Amino acid sequence: FRQSVGWDKLAPALEKAGYDPKTDFLMGDKYQAASILSFYGPTRKRAYFFNISDTRKNQFSYWPQMQEREVGKTGYFVVLEKTHESATSWYKQHYLNRLAPSFKKLTFEGAYPIYSKNGEGVKYAIIFKCEGYLGKAPEDPNTY
């Protein structure tokens, strides 16, 4: 059940982070993130699976990719994790390093709690603004 809670807070978090669905795109490094971003984003615009974590292919791997449509544009990379706010600094550094080869400029926009228990955030949308997509895709892991 807890896997399904908090998604209603995702669109407001994206909007607070500066995401504009008219000009920007969304991406995540897991099938679940790409799927949730596609369905619960502000306009239900399809998100991309940007496989910087070398996971296996999924349906998003076979649809049109960012390098075919988004070169030079701004995207928002979102990590959806159950964690504590104190641990978000690890995610920040890890993903900034992983995203750096593919974008001109990266900004950590924040870790937004999308589900809280007893007043403490336990599930976060960790959001990065990625400007100037260079058209570089992560290496294909060839894993099915």
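Residues count as buried when their relative accessible area is under 20%, as exposed when over 50%, and as partly exposed in between (1.4 Å probe, protein chains only). By that yardstick Asp 54 is exposed, at 51% relative accessibility. The model looked at here is a predicted one, so local features need pLDDT of at least 70 and side-chain atom pairs count only at pLDDT 80 or more, while totals for chains, interfaces and linings use all residues. Residues are numbered from 1 along each chain as its sequence is written, and side-chain values use heavy atoms, with hydrogens and water left out.

The sheet is a handy place to start. Helices (H or I, at least four residues) and strands (E, at least two) are DSSP runs, numbered from the N terminus, and two strands are taken to pair if DSSP finds at least two bridges between them. Five strands make up an open sheet with mixed pairing, in the order E2-E1-E3-E5-E4. E2 and E4 are the edge strands, each pairing on one side only. E1 and E3 run parallel and are joined by three bridges. E3 then pairs with E5 in the antiparallel sense over eight bridges, and E5 with E4, again antiparallel, over twelve. Individual partners can be picked out too: Leu 80 has Ala 125 in E5 as its bridge partner, and Pro 113 stands opposite Tyr 124, also in E5. As for E3, the strand is mostly covered, with seven of its eight residues buried.

Met 27 sits in strand E1 and stands opposite Phe 77 in E3. With a relative accessible area of 0%, Met 27 is buried. Contact here means heavy atoms within 4.5 Å. Not counting residues up to four places away in sequence, Met 27 touches a long list of residues, including Leu 37, Ala 47, Tyr 48, Met 66, Val 78, Phe 103 and Cys 130. Tyr 48 is 21 residues from Met 27 along the chain, yet their C-alpha atoms are separated by 4.5 Å.

Now for the helices. In H1 (residues 10-17), the buried residues are Leu 10, Ala 11, Ala 13, Leu 14 and Ala 17. Seen down the axis of H1, these fall within an arc of 160° (taken from the directions from the helix axis to the C-beta atoms), so they line one face of the helix. Their cover includes helix H2 (31-40) along with strands E1 (25-28), E3 (75-82), E4 (103-117) and E5 (120-133). Just after H1 comes Gly 18, with a positive phi of about 105°. H2 has its own buried set, namely Ala 33, Ala 34, Ile 36, Leu 37 and Ser 38, and the buried residues of H2 pack against H1, E1, E2 and E3.

Further along, Thr 88 belongs to helix H4 (residues 88-99) and counts as buried at 10% relative accessibility. Leaving aside neighbours within four places in sequence, Thr 88 is in contact with Thr 83, Ala 111 and Ile 126. Ser 102, in the loop between H4 and E4, is buried as well, with a relative accessible area of 5%. With residues up to four places away left out, Ser 102 touches Phe 50, Gly 132, Tyr 133, Leu 134 and Lys 136. Of these, Gly 132 is 30 residues from Ser 102 in sequence and 8.5 Å away in space, C-alpha to C-alpha.

Two loop residues have backbone angles worth a mention. Most residues other than glycine have a negative phi, and most peptide bonds are trans. Arg 44, in the loop between H2 and E2, has a positive phi of about 55° although it is not a glycine. Arg 44 is exposed, at 56% relative accessibility. Asp 54, the residue from the opening, is found in the loop between E2 and H3, and its phi is positive too, near 55°.

Last come the pockets. On a 1 Å grid over the protein atoms alone, a pocket is an open set of points where a 1.4 Å probe fits, with protein on both sides within 12 Å along at least five of seven lines; lining residues have an atom within 4 Å of a point. The second largest pocket is lined by 14 residues, and Asn 51, Ser 61, Gln 65, Pro 138 and Asp 140 lie nearest its centre. Strand E2 (48-49) and helix H3 (66-69) each supply at least two residues of that lining.
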